[in-house]
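The report below takes up open and enclosed space, then nonpolar packing, and then one helix.

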Amino acid sequence: MTTATTADAYPHYAAAFQAQSPAAPPPLRALRDRGWDAFARLGLPTARRGNEPWKYTNVAPIARAAFAHPEPLPVDESAATLAHVQANAPWHSDWRNLVFVDGVFAPALSAEIAPGDSPHSLIVAPISATLRAGHDDSLDLLGELAAPDDDGFVALNTAFLQEGVNIAVPADVDAGVANLVYLSTGRAQPRATYPRIIISAQRNARLRVIETYAGPDDTRYFTNAVTEIHVHDGAAVEHYRLLLDGRDAYHVGTSRVIQHRDSTFSSVAIARGAALGRNDFGVVLAGAGAHCTLNGLYLTTGQQHIDNYINIDHPEPHGTSRLFYKGILDGQSRAVFGGNVTVREGAQKTDAQQTDKNLLLSEQAEVDSKPSLLIYADDVKCGHGATAGHIDLDTVFYMRSRGLDLPTVSRILIHAFASEIIDTVALAPLRDYLHDQFRNAIPDADISLPIGGR
């Protein structure tokens with residue numbers, strides 16, 4: 001039900017919700033209603049006082065903007081050719097590539113595995129395909145980890161859920177690489193899209209998944225994405241999230257992961273786009289012996305704002321987690337890092353480490369870093385740290401004395417700083433792609449050091 005408060009504060013969202021087609025399957029309509037009811041209560045987190053998760057990030061520009069919510073239309077193939085997609089996102093012919101253009105699935109650019117196509121019951125397909133095949137149970141996991149009641153952006157995503165990706169990997173199956181590309185194109189009116197991804201890797205399954213969000217620099221748009229990942233006993237999931245949106249875009253991404261006994265989850269989050277970007281990532285190691293590694297790299301320039309809000313929860317013993325994020329900041333940009341690790345009572349023998357390192361290329365750049373540990377068990381090994389600083393002038397002097405000019409020195413040092421995260425990417429084609437992306441995106445640092453001295 002729509003409340004007067006929500007309708008008054010967000011009239012464009014209220015009108016768009018009422019205008020959605022009633023032709024959707026009943027389970028999807030029920031899910032949307034649940035999302036809208038939650039959004040009606042929560043709204044967007046514009047109040048920053050007393051709101052710790054959003055203390056350093058102002059979402060008022062998103063709340064004020066009247067984004068278009070048109071009904072999905074067939075993809076304009078002239079606006080999104082295969083060459084255009086490959087120029088904006090990582091691509092490999094051996095991967096299972098699924099492409100969405102302005103929130104709409106592009107079958108001509110994709111290679112899906114629909115229900116019934118695989119002898120192992122492997123599914124890598126749009127949710128619409130699984131619903132057409134009569135698999136209404138594909139919606140059962142939606143909202144289990146990212147509940148609409150928990151967050152206004154998750155509620156909004158659920159209320160406007162039109163399409164999503166369903167990846168179901170049966171036990172003991174290696175599903176290879178699922179490459180999910182969300183491409184926004186130029187539009188006269190700012191547009192909102194709501195990607196939704198649900199992943200389930202059953203016992204001892206293997207999966208590598210890439211999420212890429214990209215778009216043009218000269219268009220304002222809003223992407224509100226939600227990903228839910230279930231990693232069952234002994235399963236292993238490698239997850240890569242690439243925020244490559246245009247410099248005028250807004251992006252809020254929410255990822256929730258639950259791990260069961262002896263499972264492994266690794267993630268690398270890369271951000272070098274968007275005027276305002278948010279990476280809200282939460283992992284619960286719900287089974288003994290689970291291991292997770294969360295790495296991240298962000299590059300901000302101009303007046304960009306990137307917010308990484310990472311939470312790791314250890315409720316069971318013998319869990320291991322590693323959280324390592326690095327940032328490169330230039331211009332008047334700002335980055336936020338909130339890393340929270342909770343070790344609950346009974347989670348003995350937990351080994352958790354978190355680190356955030358930032359390289360400031362400008363006197364005007366600013367980073368707010370707040371790593372924290374909450375430990376309620378007494379037999380653990382935990383630590384955290386955060387640093388922020390400029391390029392080391394002693395190293396610059398040494399390299400210049402070997403005949404290198406300042407621009408070359410700065411680019412070598414900045415790329416070396418980024419490489420520590422990029423080199424953790426296990427997929428060689430993706431790793432090479434990211435190295436190329438950062439080489440091209442590295443700004444010229446303002447280093448003034450004469451060759452004759454320091």
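## The largest pocket

Seventeen residues line the largest pocket, and those nearest its centre are Asp217, Asp245, Arg247, Arg272 and Gly273; on a 1 Å grid over the protein atoms alone, a pocket is an open set of points with protein on both sides within 12 Å along at least five of seven lines, a cavity is a set where a 1.4 Å probe fits but cannot get out, and lining residues have an atom within 4 Å of a point. The space in the largest pocket is about 350 Å³, a volume being the space filled by probe spheres set on grid points that are joined across faces, edges and corners.

This is a predicted model, in which local features need pLDDT of at least 70 and side-chain atom pairs count only at pLDDT 80 or more, whereas totals for chains, interfaces and linings use all residues. Residues are numbered from 1 along each chain as its sequence is written, and side-chain values use heavy atoms, with hydrogens and water left out.

Helices α5 (82-88) and α10 (428-441) each give at least two residues to the lining of the largest pocket, and α10 contributes the largest share, three residues; helices (H or I, at least four residues) and strands (E, at least two) are DSSP runs numbered from the N terminus. By class, the lining of the largest pocket has six nonpolar, seven polar and four charged residues, where Ala, Val, Leu, Ile, Met, Phe, Trp, Tyr, Cys and Pro count as nonpolar, Asp, Glu, Lys and Arg as charged, and the others, Gly among them, as polar.

## The second largest cavity

Four cavities of 30 Å³ or more are found in the whole structure, and the second largest holds about 90 Å³. Its lining has 14 residues, with Ala269, Ile270, Ala271, Asn279 and Asn308 closest to the centre, and strands that each supply at least two lining residues include β12 (264-271) and β13 (276-285).

## Nonpolar cores

The largest nonpolar core has 54 residues, and Ile167 and Phe265 have the most contacts inside it; such a core joins buried Ala, Val, Leu, Ile, Met, Phe, Trp, Tyr and Cys residues through side-chain atoms within 4.5 Å, buried meaning under 20% relative accessible area (1.4 Å probe, protein chains only). Another core, apart from the largest, has 41 residues, among them Val177 and Ile270.

## Helix α3

The 17 residues of α3 (residues 26-42) should span 24 Å at 1.5 Å times one less than the number of residues, which agrees with the 24 Å between its end C-alpha atoms. Its buried residues include Leu28, Arg32 and Trp36, and just after α3 Gly43 takes a positive phi of about 60 degrees.

Methods:
Buried means under 20% relative accessible area, exposed over 50%, partly exposed in between (1.4 Å probe, protein chains only).
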